[in-house]
Amino acid sequence: MKKIGLIVEYNPLHNGHLIHIENAKKIDKDTLLIAVISGNYTQRGEISIISKWEKAALALNHGIDIVVELPLPFSIMSADNFSYGAILTLNQLNVDTIIFGSETENIKDLEDIANKLINEDINYFKNNLKLGFDTKKIINKMLNKNYLLPNDTLGISYIKTIKENSLPIEYRTYKRDNDYLKSASNIRNNLNNNSLKDLVPSDSLKILKNKKEVNYFNYLKYKILSEKENIKDYLLVDEGIENKILKEIDKSYSLDSFIDKLISKRYSKNRVKRTLLCILLSIKKEDKVLPNYIRVLGFNKKGQKYLKSLKNKNIITNIKNSKETELEISCDKIYCFLNNIDINSYLNKPIIKSND
């Protein structure tokens, strides 16, 4: 049985994701699909429009056998750190192959760039990461080009992580349809639009009904103003951006205007959003480590059988309060508070999907 890994966000799950799943199934006659999924917070530095439990249910509905959560804070990091967390999580689940969509579909080109980063320019790459530049911006600067699109950038980072850590994981790609490149953001921006039925499956459409994006600016502003001396302790608050944050917060009255004032050549919009989310969630610099557990969000009978065969004590289905789980629980509670849902949903047990 071939174990195929998918790295996804499903914010929300749309028709382009179904193509990803179908391409994964084509790899072998007998496949087990394992999805590592960003939970309540996303790689763009945003609060997910749907919860991690809703994402898990949708994934299982559409053919995923096991859904596990990408740990915070890796789920809200730029491509290199996002990929590191996802790939190492999948490796612990013994996946044979990962498959991802890319704009170019040329795996050789992506592999060549990954090799260049590892063998020729690793210090340049690492130094620029420390300075606050996003992965995509660094790679484009190194190549003296400006063509890398988001999924190509992620694909390069997946390959780079596998090679740097000498992991026994194969990688494949398929052509990402440009019609779907903007689907997730379009859906989030048009939640009450009737045209969504052409972009998402019916179960996803049902979950999206009455959803709205959370405006957390007032909470963020209070936190920044009440912790002026401490915000530099939070993850991604470095290279003096705390001074800019403190200078602009008094003059800002909306999240969008605040973000715009913080964007610079060094800090992209997504980087700024990630930084502000780290402040809101109290994610500190020392929190950027992979936990000693893998949180399972759901599985079907086939997936359940495989999980049992692993006999891995680090795979958990029930979360308990501990020093190790403190960050996840705290951030889940904040998500629940902001979305006015059950504050104790972090205690949910995995969703079990009966086989059709």
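## Helix H12

In this predicted model, Asn243 and Lys247 are exposed on one side of helix H12, the side opposite its buried residues. H12 spans residues 241–249, and its buried residues are Ile241, Glu242, Ile245, Glu248 and Ile249. These buried residues lie on the same side of H12 because they cover an arc of only 140° around the axis.

The cover over the buried residues of H12 includes H11, H14 and helix H13, which runs over 255–262.

## Packing of H11 and H14

Two of the helices that cover H12 also pack against each other: H11, residues 217–226, meets H14, residues 269–281, at an angle of about 75°. Their axes are 9 Å apart. An angle from 65 to 115 degrees counts as roughly perpendicular, so H11 and H14 are roughly perpendicular to each other.

On the H11 side, the contact is made by Tyr219, Leu220, Lys223 and Ile224. H14 contributes Leu276, Ile279 and Leu280. By class, this contact has 6 nonpolar residues, 1 charged residue and no polar ones.

## Arg295 in strand E6

Arg295 belongs to strand E6, residues 294–300. Its relative accessible area is 2%; buried means under 20%, so Arg295 is buried.

The Arg295 side chain reaches two backbone oxygens: that of Tyr346 at 2.8 Å and that of Asn348 at 3.4 Å. Apart from neighbours within four places in sequence, the residues in contact with Arg295 include Glu69, Glu328 and Asp332, as well as Lys52, Trp53, Val67, Val68, Ile316 and Ile319. Tyr346 and Asn348 are also among these contacts.

Terms used. Residues numbered from 1 in each chain as written. Predicted model: local features only at pLDDT ≥ 70, side-chain atom pairs only at ≥ 80, totals over all residues. Heavy atoms only, no water. Axes fitted to C-alpha atoms, helices over the stretch in contact; angles between N-to-C directions. Helix = DSSP H or I, 4+ residues; strand = E, 2+ residues; numbered from the N terminus. Parallel < 35°, antiparallel > 145°, perpendicular 65-115°, else oblique. Contact = heavy atoms within 4.5 Å. Nonpolar A, V, L, I, M, F, W, Y, C, P; charged D, E, K, R; others polar. Buried < 20%, exposed > 50% of the residue type's maximum accessible area, 1.4 Å probe, protein only. Arc of directions from axis to C-beta. Polar contact = N/O pair within 3.5 Å; in protein donor to acceptor, adjacent residues only side chain to side chain.
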